[in-house]
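Biologist: Could you take me through one part of this model in detail, the place where the two chains meet? I would also like to hear how the charged side chains pair up around it and elsewhere.

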Amino acid sequence: MKTLARWLTIATLALHAAHAPATNVTTDVTDIWWPSSEAGWGIQLIQNADVIFATMFVYGTGNQPVFYVALLENPPGGGTGTWTGTLYVSHGSYFGAPWSPALAGEVPVGTMTFALTGIGTGTLDYTVGATSVSKVIDRQPLKLENNDGSYRFTHTWSTSGAGCTASDAFAPATGAVTGDMSITHVDADTAAISLQWKLAPVEFCSMSASYSQIGRFGQYQGTLNCPARTGTLTFFEVANRVKGLSGRYTVDWGYNFRYQGRFGGVSNSP
Amino acid sequence: MRRFLLAVFLCATVFRAGASDYTDIWFNPSEQSTAGGGWGVNVVQSDAFLFLTFFVYGPDNKPTWYVAGLTRDANGNFNGPLYATTGTYFGAPWNPLDQSESPLGTMTFTLTGVGTGTLVYNVGEIAVTKAISRQPLALEDNAGNYRITHTWTSTGPGCTPADVYSAGAGPQNGDMAIQRINLETALVSLTWQFTPVDVCSMTANYTQSGRIGTYSGNLACPSSGKSGTLVLYEVANGIRTLTGRYFMDWSYGCTRNGRFTAIMPNP
């Protein structure tokens, strides 16, 4: 196991390649997390490829603030949603004085494991010496993202269910399909939205959706009304980019048929 | 902090997302040590709001932390109060009565580049200014085939009508392939089909700045005879998707500033 210092030095001076494109296979855990019933401490997770830099902001025996850091790694193969690493406490120059490397150092104090149990929930287990702690933590929403706008998007999907027809299946030879989407908040406080989506070339659909903010992610859910069918559509892991959106979706059609897809959209306004 | 966080949580307001996503771990590369013990600041952005946890060391050289909630001003900089907090020992059951927060000063975060910024803060009478940059942890592997959607603006005397973004037509699609040709230095080859008939390619250098990547190289388009330099930047790796911005400088005196999303063809 690399020490944190060595890791950061390596990262700074000579980035080494990730084991796998992990953010391609796991939900991005980057966010601020804490138990909703214990607002006052937390852990900030920054994910980069298959590693997470965790900074845990807690309090010592004197109720004074202290932080611990860990570099959590996904097991070989990636994609498990569980990251583990050594937990360190560090010391260094007073922030009001010039930086002196001679004053800096770190000491391993235990281990930390973070497991993603849902898009917005996880478990945090760590030890500091003989003290073991286990917490259920959540992503913390800070602000409602405003995704209002018109987007051209591309999406891919897989299908399941006995009601699936040949025309519903994703065609690898054709590749990702393009559509247009507009999002308009009709109630800013509850973040309800109206949405139009052209699924496959000739199908125009719309829904009035509820919106929820799960940390940095948004989620839209509602009944999708299309000329010849209806279903339940959920956009989840919706990330607001720079004039762009990305995320995943499911559509449960009423005739025993389900879409599971991913999408990326760019605002029509450059 | 509790009151502050609850206020944020309960009174979330809606603003249009701005330019760059600041979410990352930021540090000063020259103020680290091979023995560990560096300081830094974690930033999580939600719309026009930044939540910062600032991990530093006190006069006794022991670790401590502060928290700040910064909002964007008219100049695009982020400003807000800095707080110190107390709370229950992590090894004991949480007790809200142990919780307190004290405003210490203010903090300003200014982005000076895609991966660089300036942090200005004061804790009482102590004023500190630091240059900071995004901390890269690992190279993202963006290799794969993508279908892209992009928009752009164009400027320059050499721009032709075909270079001008058409609001009526909307964003354009294309296909992009990224292939690592050198894992250690993260060089990539890239092929991008701009608008229906122009197939281009470049061998690009790749750099990682925190969570975002940059590809830059000379773009050659044999089918049209065009060439130029292309920079894909703020490239963020999502779940089988990429998002980012680009700058293209065509040799005939026309530049494009654009944004794109890309999605892998496999569901």
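Modeller: Happy to; here is a walk from the interface to the charged pairs, and then to a few single residues. One thing to keep in mind from the start is that this is a predicted model.

Let's begin with the contact between the chains. On one side, 103 residues of chain B take part, and they meet 106 residues of chain A. Together the two chains bury about 9100 Å² between them, and carbon and sulfur atoms give 61% of that area. If you want to pick out individual contributors on the chain B side, look at F90(B), L137(B) and I239(B): they supply 10% of the area that chain B buries against chain A, more than any other three residues.

The polar side of this interface is worth a look too. Between chain B and chain A there are 29 residue pairs in polar contact, with both residues at pLDDT 80 or more. Sorted by type, the residues of chain B that touch chain A comprise 48 nonpolar, 39 polar and 16 charged ones. The count of salt bridges between chain B and chain A is 2. One of them is formed by R211(B) and D28(A), whose closest N and O atoms are 2.4 Å apart.

D28(A) leads us into chain A, where R139(A) also reaches for this residue. The side chain of R139(A) comes to 2.7 Å from the backbone oxygen of D28(A). In addition, the side chain of R139(A) makes a polar contact with the side chain of D31(A), at 3.0 Å. R139(A) itself sits in strand β8 (residues 131–139) of chain A. With a relative accessibility of 4%, R139(A) counts as buried. Leaving aside residues up to four places away in sequence, the residues that R139(A) touches include T27(A), D28(A), V29(A), T30(A), D31(A), I32(A) and W33(A), and also I119(A), G120(A), I214(A), G215(A) and F217(A).

It helps to see the chain around that arginine as a whole. Chain A contains 1 helix and 17 strands. Of its 270 residues, 59% are buried. Among the contacts in chain A between residues at least 6 apart in sequence, 44% join residues at least 24 apart. The accessible surface of chain A is about 9700 Å², with 55% of it belonging to carbon and sulfur atoms.

Now to the charged pairs within each chain. Side chains of opposite charge can pair when their charged atoms come close. Over all chains, the structure holds 16 salt bridges. In chain A, R229(A) pairs with E203(A), and the closest N and O atoms are 2.7 Å apart. R229(A) is in the loop between β14 (217–225) and β15 (230–240) of chain A, while E203(A) is in strand β13 (residues 203–214) of chain A, so this salt bridge ties together parts that are 26 residues apart in sequence. R229(A) and E203(A) are both buried.

A second pair in chain A has another setting. R258(A) forms a salt bridge with D252(A), with 2.8 Å between the closest N and O atoms. Here R258(A) is partly exposed, at a relative accessible area of 28%, and D252(A) is partly exposed as well, at 33%.

In chain B, the side chains of K130(B) and E31(B) form a salt bridge of 2.9 Å, N to O. K130(B) belongs to strand β9 (residues 126–134) of chain B and E31(B) to the loop between β2 (24–27) and β3 (40–46) of chain B, so the pair ties together parts that are 99 residues apart in sequence. K130(B) and E31(B) are both buried. Elsewhere, D163(B), D198(B), K226(B) and R256(B) are joined into one network by salt bridges that share partners.

Finally, two backbone details. Most residues other than glycine have a negative phi. A49(A) has a positive phi, near 55°. This alanine lies in the loop between β2 (42–48) and β3 (51–59) of chain A, and at 0% relative accessibility A49(A) counts as buried. In chain B, D47(B) is not a glycine, yet its phi is positive too, at about 60°. D47(B) is placed in the loop between β3 and β4 (49–57) of chain B, and at 2% relative accessibility D47(B) counts as buried.

Methods. Residues numbered from 1 in each chain as written. Chains lettered and ligands numbered in written order. Predicted model: local features only at pLDDT ≥ 70, side-chain atom pairs only at ≥ 80, totals over all residues. Heavy atoms only, no water. Contact = heavy atoms within 4.5 Å. Buried area = accessible area lost by both parts, 1.4 Å probe. Salt bridge = Lys/Arg side-chain N within 4 Å of Asp/Glu carboxyl O. Polar contact = N/O pair within 3.5 Å; in protein donor to acceptor, adjacent residues only side chain to side chain. Nonpolar A, V, L, I, M, F, W, Y, C, P; charged D, E, K, R; others polar. Helix = DSSP H or I, 4+ residues; strand = E, 2+ residues; numbered from the N terminus. Buried < 20%, exposed > 50% of the residue type's maximum accessible area, 1.4 Å probe, protein only. Areas by Shrake-Rupley, 256 points an atom, 1.4 Å probe, with all protein chains shown as cover.
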